[in-house]
Amino acid sequence: LRYSSPAEQPEHAPDYLRVQGALTFEDLQWVQTASSAKLVFVDWVSFGICPSKLLFFSFSMNNDQEGPFAVRKMVEIETPLDELKEAVGVINEARMNDSDAERYLRPFIPVVRPLEESSSAGDILLLSPTAPLHNVPLHAVPVGSQILIERNPVVYVPSHAALVSCLQRLAAPEPKAEAPTTWKAAVFGAYEDASSD
């Protein structure tokens, strides 16, 4: 839920409904407890005006003798945003189940290429694509010699703040409820096959 100002928040709203500021190191460290596999939070942000570009951001947790620490990476995507938007338009019109569908995804290789350095095979990637990338199946884009979904499990989230909010709600669904000792999830999907087969 979003409120246009803090004054619009319900007076006794649970923490997960309150307006959140920027995610903290502790928020993301807490989310990492949901998985025994390493989580990598990935985001893209557009910047500049002539020409507009994309910035790639990743964040993950690691440990050493002194305890947990954050691993961050920021990379400027070399492809101008206007070219990526044009490539997105072609994807929207193309049938991605055609034998040559891979060519429609080639322009997005630079968008996911930074994952080669900021993640390892098997890490769970939490992707929060910015507006121009919303309709792009980034999980099907090649990274090195594999497509991304073959290299890593992928989760799309509208924002990392929304993910934290959902997990907070799961952790304490009712006021004064006891927090669960294990994480549970349900995955839902809808697929409409328009083919005549």
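At 14% relative accessibility, under the 20% cut-off, Thr 79 counts as buried in this predicted model. Thr 79 sits in the loop between β3 (67–77) and α2 (81–93), and, leaving aside residues up to four places away in sequence, its contacts are Lys 53, Leu 84, Pro 107 and Pro 110. Two of these neighbours lead on to other parts of the description: Lys 53 takes part in a salt bridge, and Leu 84 is also among the residues that Phe 108 touches.

**Salt bridges**

The structure holds three salt bridges, which are set out below with the distance between nitrogen and oxygen.

| Salt bridge | N to O distance | Separation in sequence |
|---|---|---|
| Lys 53 and Glu 76 | 3.6 Å | 23 residues |
| Glu 117 and Lys 73 | 3.1 Å | 44 residues |
| Arg 113 and Glu 78 | 3.0 Å | 35 residues |

In the pair formed by Lys 53 and Glu 76, the closest N and O atoms are 3.6 Å apart. Because Lys 53 lies in strand β2 and Glu 76 in strand β3, this pair ties together parts that are 23 residues apart in sequence. The two partners fall into separate accessibility classes, since Lys 53, at 16% relative accessibility, counts as buried, whereas Glu 76, at 45%, counts as partly exposed.

Strand β3 also supplies Lys 73, whose partner Glu 117 belongs to helix α5 (residues 115–118), and the pair links distant parts of the chain. Here Glu 117 counts as exposed at 67% relative accessibility, while Lys 73, at 24%, counts as partly exposed.

The side chains of Arg 113 and Glu 78 meet in the remaining salt bridge, at 3.0 Å from N to O. This pair joins two loops, with Arg 113 placed between α4 (109–112) and α5, and Glu 78 placed between β3 and α2, the loop in which Thr 79 is also found. Arg 113 is partly exposed, with a relative accessible area of 38%, and Glu 78, at 46% relative accessibility, likewise counts as partly exposed.

**Aromatic pairs**

A search of the whole structure finds two aromatic pairs. In one of them, the rings of Trp 44 and Phe 56 have their centres 6.0 Å apart and their planes at 70°, so the pair is edge-to-face. Trp 44 lies in strand β1 (residues 39–47) and Phe 56 in strand β2 (residues 53–64), and the pair therefore ties together parts that are 12 residues apart in sequence. Both Trp 44 and Phe 56 are buried.

**Nonpolar cores**

In soluble globular proteins, nonpolar side chains tend to be buried together. In this model the largest nonpolar core has 26 residues, and those with the most contacts inside it are Trp 44, Leu 54, Phe 108, Val 111, Leu 127, Leu 138 and Leu 148. The elements that give two or more residues to this core are β1, β2, α2, α3 (102–105), α4 and β4 (124–128). Of these, α2 provides the largest share, with five residues.

Phe 108, one of the residues with the most contacts inside the core, touches Leu 84, Ala 87, Val 88, Ile 91, Leu 133, Val 136 and Val 141 when residues up to four places away in sequence are not counted. Apart from the largest core, there is a second, separate core of eight residues, which includes Val 31, Leu 39, Phe 59 and Ile 124.

Terms used: Residues numbered from 1 in each chain as written. Predicted model: local features only at pLDDT ≥ 70, side-chain atom pairs only at ≥ 80, totals over all residues. Heavy atoms only, no water. Phe/Tyr/Trp six-rings, centres within 6.5 Å; stacked < 30°, edge-to-face > 60°. Helix = DSSP H or I, 4+ residues; strand = E, 2+ residues; numbered from the N terminus. Buried < 20%, exposed > 50% of the residue type's maximum accessible area, 1.4 Å probe, protein only. Contact = heavy atoms within 4.5 Å. Salt bridge = Lys/Arg side-chain N within 4 Å of Asp/Glu carboxyl O. Core = buried A, V, L, I, M, F, W, Y, C linked by side-chain atoms within 4.5 Å.
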